[in-house]
Amino acid sequence: MIKIGIIGGTGVYDPSILKNVHQVETMTPYGKVNYKVGDFAGKSIAFIPRHGSKHSIAPHLINYRANIWAMKKIGVNNILATAAVGSLHLPMNLGDFILVDQFIDFTKNRVMTFHEGGEKGVVHVDLTNPYCPTLRDKLLVAAQNIGIAVHSQGTYVCTEGPRFETPAEIAMFSKLGAHLVGMTNVPEVVLAREAEMCYSTIAMVTNYAAGISSTPLTYGEVIKIIKQNTENLKTLLMNTIKLIDIEADCSCQHALDEYGGFKI
Ligand code: HPA
C-alpha cells in the first residue's frame with residue numbers, strides 16, 4: 001500500500017529520489033489525476049507535481065480536491081508538500097526552509113471543502129494545528145540529523161495569485177503576523193485534514209516579498225533560488241521519509257471522528 005505522498009511545488013516536478021517510477025492515472029469525483037509512484041527506503045511513494053509536470057497549472061486553477069482525493073484513495077496517510085514562498089520576515093532568508101505551522105487565508109475564489117452540506121451534512125473541521133505536528137517534528141529531526149538549518153515554525157499567508165502582492169498588501173499581512181506568502185497551501189492543507197491525513201509543508205524562501213525586496217519580483221529569481229536549494233530539499237525529504245512510521249496512528253487521521261470519519 002502507498003502510505004506516503006509528496007506534493008511538489010514550484011520547481012519540484014520530478015520525483016528523482018524515487019526508484020522504479022511509473023505513471024498512474026486515477027479517477028476522482030473531481031476529475032482525473034495523474035501521479036507517479038516509486039520506491040524509496042523500502043516504502044512506496046506517490047508523487048504529484050501540484051502545478052503539473054511542466055508548470056502549466058496556475059495556483060488558482062489547481063484541482064486541490066482531486067489531488068487530495070486521489071492520494072486518499074490509494075491509501076496515503078502522510079503528505080509532505082513543498083512550497084516556494086516569499087519572505088515577510090527578514091530572518092527567513094533566501095533559500096531558508098521553514099516548517100510551516102499556521103496559515104492565514106486570503107484566497108478569494110477556491111472551493112475549500114469536500115463537505116458541501118446536503119445529504120452528506122455540514123462538517124466543521126478543527127484546524128487548531130493545521131499542519132501535522134508529528135510530521136513537522138520528523139522533518140525537524142531529519143534536518144537536525146543531516147545538518148540542514150530549518151525554521152521550526154512560521155505563519156504562511158495564502159493569496160489568490162497568480163499575480164504577486166502589492167507592498168501595501170505585504171505590509172498588512174506582516175501586521176497580521178504572517179512570515180511567509182505563497183499561493184497554494186490553502187485549501188490543500190485544509191482538504192488534507194478533512195481527508196484525515198497527516199500533512200506538512202516545507203516552505204523554501206525564494207524571494208523577499210514585494211516592498212521588502214527593493215527590486216520588482218521576477219519568476220526568474222524564484223526559479224534560480226529553487227535550483228540552488230533543490231539538493232538540500234531532496235536530502236531533507238529522503239531523510240524524513242526514512243523516519244516516517246507508516247503504521248503509526250495520529251490525531252490528524254481521526255479529524256472527523258465526531259462526524260463518523262471521512263468517507264471516500
Ligand atoms: N508571493 C506569493 N507567492 C510566492 C512568492 C511571493 O512573493 N514567492 C514565491 N511564491
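# Exercises on a Predicted Structure

The structure holds one cavity of 30 Å³ or more. The model is a predicted one.

## Exercise 1: The cavity

Task: Determine how much space lies in the largest cavity, which residues line the largest cavity, and which element gives the most to the lining.

Solution.

Step 1. The volume is considered. The largest cavity contains about 50 Å³ of space.

Step 2. The lining is listed. The residues that line the largest cavity are Gly9, Thr10, Val12, Thr82, Ala83, Ala84, Ile202, Met204, Ile226 and Leu233.

Step 3. The lining is assigned to elements. At least two lining residues come from each of β5 (78-87), β11 (198-208) and α5 (219-243). With three residues, β5 gives the most to the lining of the largest cavity.

## Exercise 2: Strand β9 and its partners

Task: Establish whether the residues of strand β9 (residues 155-159) are buried or exposed, and state which strands are joined by bridges to β9.

Solution.

Step 1. Burial is examined on both sides of the strand. Thr155, Val157 and Thr159 point one way from β9, whereas Tyr156 and Cys158 point the other way, and all are buried.

Step 2. A conclusion follows from this. Because five of the five residues of β9 are buried, the strand is largely enclosed by the rest of the structure.

Step 3. The pairing with β7 is described. Strand β7 (residues 102-106) is joined to β9 by five bridges, and the two run parallel. Opposite Cys158 in β9 stands Asp105.

Step 4. The pairing with β10 is described. Three bridges join β9 to strand β10 (residues 180-182), and these two strands also run parallel. The bridge partner of Cys158 in β10 is Gly182.

Step 5. The connection is traced. From β9 the chain crosses through helix α3 (residues 167-175) to β10, and this β-α-β crossover is right-handed.

## Exercise 3: The surroundings of Thr113

Task: State where Thr113 is placed, decide whether Thr113 is buried or exposed, and identify which residues Thr113 touches.

Solution.

Step 1. The position is located. Thr113 belongs to the loop between β7 and α2 (133-146).

Step 2. The accessible area is compared with the cut-off. A residue counts as buried under 20% relative accessible area. Thr113 has a relative accessible area of 17%, so Thr113 is buried.

Step 3. The contacts are listed. Not counting residues up to four places away in sequence, Thr113 touches Arg65, Leu191 and Glu194.

Step 4. A polar contact is identified. The side chains of Thr113 and Glu194 make a polar contact (2.7 Å).

Methods. Residues are numbered from 1 along each chain as its sequence is written. This is a predicted model: local features need pLDDT of at least 70, side-chain atom pairs count only at pLDDT 80 or more; totals for chains, interfaces and linings use all residues. Side-chain values use heavy atoms; hydrogens and water are left out. Buried means under 20% relative accessible area, exposed over 50%, partly exposed in between (1.4 Å probe, protein chains only). Helices (H or I, at least four residues) and strands (E, at least two) are DSSP runs, numbered from the N terminus. Two strands pair if DSSP finds at least two bridges between them. A crossover is right-handed if, with the strands pointing away from the viewer, the path from the first strand over the helix to the second runs clockwise. A polar contact is a pair of N or O atoms within 3.5 Å; within protein, one must be able to donate a hydrogen and the other to accept it, and residues adjacent in sequence count only if both atoms are side-chain atoms. Contact means heavy atoms within 4.5 Å. On a 1 Å grid over the protein atoms alone, a cavity is a set of points where a 1.4 Å probe fits but cannot get out, and a pocket is an open set with protein on both sides within 12 Å along at least five of seven lines; lining residues have an atom within 4 Å of a point. Grid points are joined across faces, edges and corners, and a volume is the space filled by probe spheres set on the points.
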